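Subject: Structure handover and notes

Dear colleague,

Here is the structure I promised to pass on to you, with my notes on it underneath. Please read the notes with the coordinates open beside them.

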Amino acid sequence: MIHQPLRLKYASKLSFLSKNATSLISRLHFSSDISPKNDDVDTIFRIITSSTSCKHLKQSLKSSGVNISNDLVDRILKRVRFSHGNPLQALDFYRYIDNRRGFFHTAFSLDTMLYILGRGRRFDIIWDVLADTKRKDQSLISPRTIQVVLARVAKVCSVRQTVESFKKFKKLVPDFDITCFNALLRTLCQEKSMTDARNVYHSLKYDFRPNLQTFNILLSGWKSVDEAEGFLEEMREMGLKPDIVSYNCLIDVYCKDRQVEKAYKIVEKMRDEDISPDVISYTSIIGGLGLVGQPDKARDVLKEMKEYGCYPDNAAYNAAIRNYCIAKRLRDASGLMDAMVEKGLSPNATTYNLFFRVFYWSNDLRSAWNLYCRMMGTGCLPNTQSCMFLVKLCKRQEKVEMALQLWNDMVEKGFGSYILVSDVLFDLLCDMGKLVEAEKCFLEMIEKGHKPSQVSFRRIKVLMELANKQEALQNLSNKMALFGPSMIPKREEYLAEMLASDSFSC
């Protein structure tokens, strides 16, 4: 028998370790204890969104004088993501930085870049980026990466195509194991249906070894009490003991089904098994009490949980505030928000949106605007949902000045979706004959790297033709042409993201 030389046998492993060591040293070099200045983030962000070509981007970055670090890149890509930036402009920046000698992206940068591309439905480019990453630093491709990519695929593709995309990762990740399978199941639970997740689980479970996390992911997706109880029993039969996550999933199912008494029994069972209910357990119960019309009892839970050494967080207070908002008891809801501040917690965009929703349906722009001013005064930036409540109220009441103030804040601070808000804003401005203001906002949007919708462009185009502003119209047409074919996801996908944006805190 001829033995392979030791140096050849382990050459690939040593090469992989060498790459990891190099990337680690590089990140230590390019990282800094000093956080990047906001001015630097703004400068690079403006360069990215205003670049007309890859060559122009490179020249602008070189002449900017800004020191590029991993922290800076992370923050810039995060800004691009939440401002719904142009995916191809972001990719040019990402690849330019990636090609710098000795520079290695962080896992956060990779996942954020893939998210941006996925939202723009640039799936072909996603696989190219992943292939490049595998060659340079395979350790960056993690189960989190898999979930980011699959979530974008699942939004617009079938379950079969999502599973096929999952199987592609077998050649990309260092270890294609149960954590990767769990990422697939979590994606299906969130983006598809529990039936789809269950079917995929049964078809692939023999290729992996399901663990407690596998069952917790599947358990968290059930909406039916009977199915959740049955799945928990199946979990026990496989010799897996439920943990706090398992029990919290069951409590959540009971509460959403308005079976609060059963939820309390699970809490007692947890204590009998020396498992202390956490803030998630109590938050579910607070929400359940609100569904059965007991907002005062839900507020009392905030006090009771402290007796067990568990202190409410933003989500717990938001759940209690939501109950009062649903009951239209805004004074009590406002009192709870003040209590949050007294306890050292800062209300986030989700908190404010609970009030914005009430004001929107009651057509109370004055109260909504006062709340917006308070929100901005505390340093909490609105999210897309906040902006949509406000701009729609402005349109309904034909308040052009307020709508323009909101837009100016968005442009200056970089929050909200320009795509969604601009559609409503341009409708208002065109209805009111504010062509100069509409043109200004249109150009500001393009300068930020966002392509206005064709619907908005056609409305402004008609008004410009009527006003015989041919030169201005030609300028706008040229600006729109720079974007080429539409790279922006459909409006329906943006609306879905707007509804999900409550999960992002300030």
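The structure, which is a predicted model, holds 13 aromatic pairs. In one of them, the rings of Tyr201 and Phe215 have their centres 6.1 Å apart and their planes at 65 degrees, and because an angle over 60 degrees counts as edge-to-face, this pair is classed as edge-to-face. Tyr201 belongs to helix 12 (residues 194–204) and Phe215 to helix 13 (residues 212–219), so the pair ties together parts of the chain that are 14 residues apart in sequence. Tyr201 and Phe215 are both buried.

A further aromatic pair is formed by Trp407 and Tyr418, again edge-to-face, with 5.5 Å from centre to centre and 80 degrees between the planes. This pair links distant parts of the chain, with Trp407 in helix 24 (residues 400–413) and Tyr418 in helix 25, 11 residues apart. Trp407 has a relative accessibility of 1% and therefore counts as buried, and Tyr418, with a relative accessible area of 1%, is buried as well. Elsewhere, Phe166, Phe176, Phe181 and Phe208 form one aromatic cluster.

Tyr418 also leads on to the packing of helices, since it is one of the residues through which helix 25 makes contact with helix 26. Helix 25 (residues 418–431) and helix 26 (residues 435–447) pack at an angle of about 165 degrees, and their axes are 10 Å apart. Because that angle is over 145 degrees, helix 25 is roughly antiparallel to helix 26. The crossing of these two helices, helix 25 and helix 26, is left-handed. On the side of helix 25 the contact is made by Tyr418, Ile419, Ser422, Leu425, Phe426 and Leu429, and on the side of helix 26 by Glu437, Ala438, Cys441, Phe442 and Met445. Sorted by class, the residues of this contact between helix 25 and helix 26 are 9 nonpolar, 1 polar and 1 charged.

Helix 26 also contains Glu444, and here it may be worth asking whether Glu444 is buried or exposed. With a relative accessible area of 16%, Glu444 is buried, because the cut-off for that class is under 20%. Once residues up to four places away in sequence are set aside, Glu444 touches Trp407, Asn408 and Val411, and Trp407 is the residue that pairs with Tyr418.

A second helix pair can be set beside this one. The axes of helix 20 (residues 330–342) and helix 21 (residues 349–361) come within 11 Å and cross at roughly 165 degrees, which makes helix 20 roughly antiparallel to helix 21. Helix 20 passes helix 21 in a crossing that is left-handed. Helix 20 contributes Leu330, Ala333, Ser334, Met337 and Met340 to the contact, while helix 21 contributes Thr351, Tyr352, Phe355, Val358 and Phe359. By class, the contact of helix 20 with helix 21 has 8 nonpolar and 2 polar residues, and no charged ones.

For a view of a single buried position, consider Val129, which is placed in helix 8 (residues 123–137). Its relative accessibility is 3%, so Val129 counts as buried. Leaving aside neighbours within four places in sequence, Val129 is in contact with Leu91, Tyr94, Arg95, Leu110, Leu114 and Leu117. Of these contacts, Leu114 is 15 residues from Val129 in sequence, and the C-alpha to C-alpha distance between Val129 and Leu114 is 8.0 Å.

Two loop positions concern the backbone. Arg258 has a positive phi of about 65 degrees although it is not a glycine, and it is placed in the loop between helix 15 (244–256) and helix 16 (260–272). Asn468, also not a glycine, has a positive phi of about 60 degrees and is found in the loop between helix 27 (454–466) and helix 28 (470–481). Asn468 has a relative accessible area of 59% and is therefore exposed.

Finally, some totals for the whole protein. There are 29 helices and 0 strands, and buried residues make up 50% of the 506 residues. Among the contacts with a separation of 6 or more, 69% are accounted for by residues 24 or more positions apart.

With best regards

Key: Residues numbered from 1 in each chain as written. Predicted model: local features only at pLDDT ≥ 70, side-chain atom pairs only at ≥ 80, totals over all residues. Heavy atoms only, no water. Axes fitted to C-alpha atoms, helices over the stretch in contact; angles between N-to-C directions. Helix = DSSP H or I, 4+ residues; strand = E, 2+ residues; numbered from the N terminus. Parallel < 35°, antiparallel > 145°, perpendicular 65-115°, else oblique. Left-handed = near helix turned anticlockwise from the far one by under 90°. Contact = heavy atoms within 4.5 Å. Nonpolar A, V, L, I, M, F, W, Y, C, P; charged D, E, K, R; others polar. Phe/Tyr/Trp six-rings, centres within 6.5 Å; stacked < 30°, edge-to-face > 60°. Buried < 20%, exposed > 50% of the residue type's maximum accessible area, 1.4 Å probe, protein only.
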